[in-house]
Amino acid sequence: MNTGLKVTAFAAALAATFGTAYGIGESLDPVAAERAPAHDERHASPSPGAKEDGGHAGHDSTPAGGLQISEGGYTLDLRTPRITAGHRAELRFTVRDDHGRAVTEYRPEHGRELHLIVASRDLLTYRHLHPTRAADGTWSIPADLPRAGGYRVFADFTPAEEGAENLTLGADLAVSGSYRPQDLPPVAGTARVDGYEVVLTGSLRPGRASELRLSVSRDGEPVTDLQPYLGAYGHLVALRSGDLAYLHVHPQGEPGDGRTDPGPEVSFTATAPSGGSYRLFLDFKHDGVVRTAAFTVPAGAAQTGAETPPSSTPPHSDDHGH
């Protein structure tokens with residue numbers, strides 16, 4: 001199916017009518033040179049069999065999730081297709097099987113039955129949410145999205161039935177209000193959030209596993225007491241600019257395994273499905289609070305494995321939270 005970027009007519013009409021700027025946060029400095037790929041941890045499998053559009057450099061060699069609303073016999077039924085920017089609203093949705101029945105049994109992944117990601121099309125606003133499921137299979141959670149525009153909602157889950165694989169289904173969400181599109185934040189290897197500094201080293205490679213290392217510090221001192229969050233010291237979500245193809249990767253090792261330190265460094269293995277620009281969102285927990293550090297990272301052309309060289313650019317505003 002055609003999985004190119006689709007902005008709802010509702011959001012497009014708003015874009016033609018209104019204009020204003022918004023956002024907070026900053027990221028600085030270029031991404032450091034790639035380190036050798038790690039081999040002791042697989043990257044989390046995105047949706048099996050998902051197809052990409054042809055609008056990105058290179059040929060897709062790794063499937064990505066979130067591009068389809070239906071896959072593998074399951075459909076994401078988003079019951080709240082539009083909300084208003086800056087107003088708290090309840091997002092409601094149901095996952096249905098191929099008979100139209102609401103799914104009520106899931107296999108927990110990283111301590112949760114389902115992970116919900118909400119991201120704006122310009123990748124400046126990001127939410128990693130954990131909704132509540134009612135007995136009838138309806139999921140719900142309050143959300144407050146500060147900026148108007150087109151958004152994508154991702155449901156990351158594994159059905160409980162035997163042999164079922166992890167799926168990531170995606171649906172469009174329109175957020176009404178004054179809207180003006182913004183450029184993707186520039187490539188950067190350092191992000192600052194709430195007084196913390198997170199440094200990224202490594203790079204994404206199309207069709208090839210590579211290591212990403214993120215080191216957390218505060219006030220110039222390494223943070224060596226990161227707290228477990230969903231059974232890990234960090235969670236990383238990567239979204240491809242343009243169509244928001246979804247990659248959910250997890251760190252090497254886990255708390256209590258006798259070999260993984262609680263910081264300052266968290267390492268991941270990831271494979272980009274194609275060349276292009278990606279936005280990486282790292283969730284980490286410290287002093288009882290989950291924070292998100294965001295980065296823009298290029299992946300080189302798939303045919304040659306070449307990398308796009310990073311560049312030094314000034315800070316760019318964005319917004320993400322939980």
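This text describes the enclosed spaces of a predicted model and then two of its buried charged residues.

The enclosed spaces come first. The model holds 3 cavities of 30 Å³ or more. The largest cavity contains about 40 Å³ of space. Its lining is formed by S120, R121, D122, R147, A148, G149, G150 and Y179. When these lining residues are sorted by character, 2 are nonpolar, 3 are polar and 3 are charged. Glycine is counted among the polar residues here, and the lining includes G149 and G150.

The next residue to consider is R291, which belongs to strand 20, a strand that runs over residues 289-299. Is R291 buried or exposed? Its relative accessible area is 12%, and because a residue with under 20% counts as buried, R291 is classed as buried. The side chain of R291 makes polar contacts with the backbone. One partner is the backbone oxygen of H286, at 3.0 Å. Another is the backbone oxygen of V289, which the side chain of R291 reaches at 3.4 Å.

The second residue, D97, is found in a loop, with strand 5 (89-96) on one side and strand 6 (114-120) on the other. D97 has a relative accessibility of 17% and therefore counts as buried. Which backbone atom lies 2.9 Å from a polar atom of the D97 side chain? That atom is the backbone nitrogen of H99. With residues up to four places away in sequence left aside, D97 also touches G73, Y74 and V103.

How values were computed:
Residues numbered from 1 in each chain as written. Predicted model: local features only at pLDDT ≥ 70, side-chain atom pairs only at ≥ 80, totals over all residues. Heavy atoms only, no water. 1 Å grid on protein atoms, 1.4 Å probe; cavity = no way out; pocket = protein on both sides within 12 Å on 5 of 7 lines; lining within 4 Å. Points joined across faces, edges and corners; volume = space filled by probe spheres on them. Helix = DSSP H or I, 4+ residues; strand = E, 2+ residues; numbered from the N terminus. Buried < 20%, exposed > 50% of the residue type's maximum accessible area, 1.4 Å probe, protein only. Polar contact = N/O pair within 3.5 Å; in protein donor to acceptor, adjacent residues only side chain to side chain. Contact = heavy atoms within 4.5 Å.
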